[in-house]
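Dear colleague,

I am passing on the structure we spoke about, and below it I have set out what was found in it. Please read the notes with the model open beside you.

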Amino acid sequence: MAVTPDHPGMTLPRAELGVLPTPLHAAPQLAEALGVRGRLLLKRDDLSGFAVAGNKTRPLEMLIAGAWASGARVLVTGGTPGSNFCQAAAAAAAWAGLRCVLVYAGSPSPVRHPNEAAAIHWGARIRWTHDPDRASVDAAIEKTAAELTEEGQTAFPVPRGGATPLGATGFHLAALELDAQLDGPATVVVGTGSGGTLAGLVSGAVALGRRLRMRGASVSRPPEETARRVLELSRGCARLMGTEPPREADVVLDDARGPGHGRPSEEGERAARLALRASGVVLDPVYSAKALGALARILGDRRADPDLTTVFWHTGGLLDAVAGWESR
Ligand SMILES: Cc1ncc(COP(=O)(O)O)c(C=O)c1O
């Protein structure tokens, strides 16, 4: 266990899951293929070095340390069977010597998503809400954690996506990590679902004096709704870090939902094909492909300043890349 690097007010413990910093790669051929002027860089959190956890390695470093500190024996979280976070949490709990209970929305299906199969393989116990609504998981996580704690198995509940102020601090630190790898300002584009990733990045960017501009590509909710969640989370994160609270204008979201959450978009499919051909990078249809597609749409106009640096935050999602492309 490490204590996070020197930072105003920062004494939060961190479980060392990842191999950090993750690489930052130049992608000139991909910039050309997408029509993005200026420098395009890839922040490779798909190579975060823990299991197949991608970006979720970072919040889990903080959440696992939080679970240890609370004396918990069981990590309880949830989502859909396709959730990358649930799969990553199951791996992190196994690594940390904690039991893991996952609450999935809906009912078991005869064909398991690779993320569900991996989570079970790594020892997670599954409970089902028998309600297809993703939000049905939220109350069920709390209820399950309370039941387990009452039975004497102290539980640490974690909301969907690990989207809490504590989880977001992992991405506040990631913004500092990226800044140390850059030689000037940049615009950063990242896929956004539950909002914890963007919230931490925004909190970090504000702490850095706003020389990094964060843009989320909202893949699951209308951008306005996601922005509200992200602002609240980022303020909670900044409070934990002892840094300046983000303002409304610090949270920028673009619509990248396409035909809906979990359903591939044409824009994303094109971006994913180009990313593989030009940079050898695999993108998943749910998050990273839609985020790169949005980046090309927003920043790929030929009027963009050629001196700008754009960073695409590759968040991983490898098992979704295996499972998801045929579902359109
Ligand atoms: C591959 C991938 N990218 C991006 C995200 C979005 O992160 P967040 O839920 O923190 O917004 C997720 C969330 O599950 C993810 O699995």
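To begin with a single residue, does Arg210 count as buried, partly exposed or exposed, and at what relative accessibility? Arg210 counts as partly exposed, because its relative accessibility is 27%. Before going further, please keep in mind that this is a predicted model, and that every value below was computed from it.

Arg210 lies in the loop between H7 and S10, and although it is not a glycine, it has a positive phi of about 65°. Helix H7 itself covers residues 196-207, and its twelve residues reach 17 Å from the first C-alpha to the last, close to the 16 Å expected at 1.5 Å a residue. The helix is mostly covered, with eleven of its twelve residues buried; among them are Gly196, Leu198, Leu201, Val202 and Val206. The cover over these buried residues includes H6, strand S9 (186-192), strand S10 (212-218), helix H8 (223-241), strand S11 (252-255) and S12. After H7 comes Gly209, which has a positive phi near 85°.

One residue of strand S9 is worth opening in the viewer, namely Thr192. Thr192 is buried, since its relative accessible area is 2%, where the cut-off for buried is under 20%. Leaving aside residues up to four places away in sequence, Thr192 touches Leu198, Gly216, Ala217, Ser218, Val219, Ser220, Thr226, Val230 and Leu253. Of these contacts, Leu198 is also one of the buried residues of H7.

A second helix can be described in a similar way. Helix H2 holds the 14 residues 57-70, which at 1.5 Å a residue should span 20 Å, and the C-alpha atoms at its ends are indeed 20 Å apart, so the two values agree. Because eleven of the 14 residues of H2 are buried, the helix is largely enclosed by the rest of the structure. The buried residues run through Thr57, Arg58, Pro59, Leu60, Glu61, Met62, Leu63, Ile64, Ala65, Gly66 and Ala67. Their cover includes strand S2 (13-14), strand S4 (39-44), helix H3 (84-96), strand S8 (155-157), helix H6 (165-181) and strand S12 (309-314). Gly71 follows H2, and its phi is positive, near 80°.

Arg58, one of the buried residues of H2, lies over the face of Phe171, at 5.7 Å from the ring centre. As for rings paired with rings, a search of the whole structure finds four aromatic pairs, and Phe50, Trp68 and Trp95 are linked by ring pairs into a cluster.

Next comes strand S5, residues 74-79, which is mostly covered, with six of its six residues buried. Val74, Val76 and Gly78 point one way from the strand, whereas Leu75, Thr77 and Gly79 point the other way, and all are buried. This fits the general pattern that in a regular strand the side chains alternate between the two faces of the sheet. S5 is joined by six bridges to strand S6 (residues 99-104), and the two run parallel; in S6, Arg99 is the bridge partner of Val74.

For anyone thinking about the cysteines, the structure holds zero disulfides. The sulfur of Cys86 has its closest cysteine sulfur in Cys100, at 7.7 Å, which is too far for a bond, given that a disulfide calls for sulfur atoms within 2.5 Å. Cys86 counts as buried because its relative accessibility is 0%, and Cys100 is buried as well, with a relative accessible area of 6%.

Two further points concern the backbone. Leu20 and Pro21 are joined by a cis peptide bond, with omega about 0°, and Pro21 is found in the loop between S2 and strand S3 (24-26). His130 has a phi near 60°, a positive value in a residue other than glycine, and lies in the loop between strand S7 (125-128) and helix H5 (136-150). His130 counts as exposed, because its relative accessibility is 56%, whereas Arg210, with which these notes began, counts as partly exposed at 27%.

With best wishes

Technical notes
Residues numbered from 1 in each chain as written. Predicted model: local features only at pLDDT ≥ 70, side-chain atom pairs only at ≥ 80, totals over all residues. Heavy atoms only, no water. Helix = DSSP H or I, 4+ residues; strand = E, 2+ residues; numbered from the N terminus. Expected span 1.5 Å × (residues − 1). Buried < 20%, exposed > 50% of the residue type's maximum accessible area, 1.4 Å probe, protein only. Contact = heavy atoms within 4.5 Å. Phe/Tyr/Trp six-rings, centres within 6.5 Å; stacked < 30°, edge-to-face > 60°. Lys NZ or Arg CZ within 6 Å of the ring centre and 35° of its normal. Pairing = 2+ DSSP bridges.
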